[in-house]
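Please read the following report beside the sequence and the structure, which are shown here.

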Amino acid sequence: MGTFKNEAGKPVLMRMVKGIQDNKAYLGEVDGLIGDGDHGMNMNKGFTVFEDRFKDEDISFTEGLDELGIILLNEIGGSMGPIYGTIFMDMAEAGEDLDEISAADFAEMLEAGLNGLYGIVDARVGDKTLVDTLSPAVDVMKKAGETGQDFKEALAEMKAAAEAGRDSTKDMVARYGRSSRLGERSRGVLDAGATSCCIILTAMADGIMELL
């Protein structure tokens, strides 16, 4: 099947929650090497608030993305709350009218999230941020949508692209955020945002694959 039902997408959201919860300590470690070490704690807080509020609710994929985005934007603080809040809310808006979500639709949603992010940050690919994870993932899904590639195959490729993007940040010098003050000393460490973005995209892909 080449689509999944928007209304059936709650398990995808819960996989995203579990991905962040399971990696709370790891994200804190990664962030602590060149940042202030609170990325895992902040993300876990926001995703767990979402879980607590909506675990017993009927909620669609796009409704859930919107609610998660609002929580992250308003309730977790730090720089990543507004960043992920914007991504998820813009993804939700792009897909809110869809009953069935195809690879091309999912690509449009991801691209809307990336473009929303570009509206609030100056970072681009190569600046050691989550853009290095999200942008190649968007490219893979857009190509899949244009060529009619099997949705599951495309998601597997998206996961690989996200991982490669995350890993690419290790050799970069940070240009934005707290770690940018370290200059060359920020090289040799993964970016925490790129790492959490990879966890989220991987969970999203795995959840959607189960629905297809």
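## Surface charge, salt bridges and helix α4

A patch of negative charge on the surface brings together E7, D56, E57, D58, E93, E96, D97 and D99; patches are made of residues with over 30% relative accessible area and no salt bridge, like charges being joined within 9 Å and nonpolar side chains (Val, Leu, Ile, Met, Phe, Trp, Tyr) within 5 Å. This is a predicted model, in which local features need pLDDT of at least 70 and side-chain atom pairs count only at pLDDT 80 or more, while totals for chains, interfaces and linings use all residues. Residues are numbered from 1 along each chain, and side-chain values use heavy atoms, with hydrogens and water left out.

E57, in the loop between α3 (39-54) and α4 (61-75), is partly exposed at a relative accessible area of 41%, where buried means under 20%, exposed over 50% and partly exposed in between (1.4 Å probe, protein chains only). Helices are DSSP runs (H or I, at least four residues), and within α4 the buried residues include F61, L65, L68 and L72.

The structure holds nine salt bridges, each a side-chain nitrogen of Lys or Arg within 4 Å of a carboxyl oxygen of Asp or Glu; among them are these three.

| Pair | Closest N to O |
|---|---|
| D22 and K18 | 2.7 Å |
| R175 and D127 | 2.8 Å |
| D167 and R166 | 2.9 Å |

D22 and K18 are separated by about one helical turn, because they lie four residues apart in helix α1 (residues 10-22). For the pair of R175 and D127, R175 counts as exposed at 55% relative accessibility, whereas D127 counts as buried at 10%.

Key:
Areas by Shrake-Rupley, 256 points an atom, 1.4 Å probe, with all protein chains shown as cover. Lys, Arg positive; Asp, Glu negative; His and termini not counted. Charge placed at Lys NZ, Arg CZ, Asp CG, Glu CD. Helix = DSSP H or I, 4+ residues; strand = E, 2+ residues; numbered from the N terminus.
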